[in-house]
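I sat down with this entry to look up its charged pairs and its surface patches. My notes are below.

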Amino acid sequence: MRPGPPILNVLCMTGMDAQDADLKKELNATLQARRELGEEYESALVDSFLEKVDQRIDGAIDRRVRRQLAEQQMVMARGARSSRATDSWGERFGFGIVSLVLAIPLSAIGGGVAHLPGLLITWVGIVGVNAVQAVRTNPGLFTRRRTSSGDGWED
């Protein structure tokens, strides 16, 4: 881990881009305010900074989701193949591997910051993301199917 203030280490672990000038200015302002105000305000300053980081991440996710929805609508409007038809085994496998690799630092951050509740919330999120991906690639995954004999539902 890099030497320096703990918040810089957290940003490095989460993959935040150090070149983001606005975020860097916010961090420097937070660190300067901490030096001026003292340790008794540290948690409030860190919470404020992390809220700004959270808002930045939420904005990026919103933009990506809107872009993906627009792309899906264009594909559907053109009558092209669905995204499920283009999914390959390699993409699903890669998603699983990336999910597990990201689970390690996310678990460390969640467990380190909020202990057991943070760790549990982190893993609920990881499982949720993977469940959504599984349903996206297999739309009938959690539904019961009718049998061909017509005697009811297949278990």
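The entries take salt bridges first and surface patches second.

**Entry 1: the model.** I note at the start that this is a predicted model.

**Entry 2: salt bridges.** I looked up how many salt bridges the structure holds. The count is four.

I began with Glu26, which pairs with Lys52; their closest N and O atoms are 2.8 Å apart. Glu26 lies in helix α2 (residues 21-37) and Lys52 in helix α3, so this salt bridge ties together parts that are 26 residues apart in sequence. I then checked how open the two partners are. Glu26 has a relative accessible area of 29% and is partly exposed. Lys52 is also partly exposed, at 35% relative accessibility.

**Entry 3: a network.** Next I looked at Arg34, whose side chain meets that of Glu39 in a salt bridge with an N to O distance of 3.7 Å. I asked myself which residues are linked with Arg34 in a network of salt bridges. They are Glu39 and Glu42. For accessibility, I find Arg34 partly exposed at 26%, whereas Glu39 counts as exposed at 58%. The cut-off for exposed is over 50% relative accessible area, which is why Glu39 falls in that class.

**Entry 4: a pair inside one helix.** I looked up Arg67 and Glu71, which form a salt bridge at 3.8 Å, N to O. Both residues lie in helix α3, four residues apart, which is about one turn of the helix. Arg67 is partly exposed with a relative accessible area of 44%, and Glu71 is partly exposed with 41%.

**Entry 5: negative patch.** I turned to the surface and asked which residues form the negative patch. I list Asp47, Glu51, Asp54, Asp58 and Asp62. I followed up one of them: Asp62 sits in helix α3, which covers residues 42-78. At 42% relative accessibility, Asp62 is partly exposed. Patch residues need over 30% relative accessible area, so Asp62 passes that cut-off.

**Entry 6: nonpolar patch.** I also looked up a nonpolar surface patch, of about 570 Å². Leu100, Leu116, Leu119, Leu120, Trp123 and Val127 make up this patch. I picked Trp123 for a check and asked where it is placed. Trp123 belongs to helix α5 (residues 89-137). Its relative accessibility is 34%, and I therefore record Trp123 as partly exposed.

Terms used. Residues numbered from 1 in each chain as written. Predicted model: local features only at pLDDT ≥ 70, side-chain atom pairs only at ≥ 80, totals over all residues. Heavy atoms only, no water. Patch = residues over 30% accessible without salt bridge, like charges linked within 9 Å, V, L, I, M, F, W, Y side chains within 5 Å. Areas by Shrake-Rupley, 256 points an atom, 1.4 Å probe, with all protein chains shown as cover. Lys, Arg positive; Asp, Glu negative; His and termini not counted. Charge placed at Lys NZ, Arg CZ, Asp CG, Glu CD. Helix = DSSP H or I, 4+ residues; strand = E, 2+ residues; numbered from the N terminus. Buried < 20%, exposed > 50% of the residue type's maximum accessible area, 1.4 Å probe, protein only.
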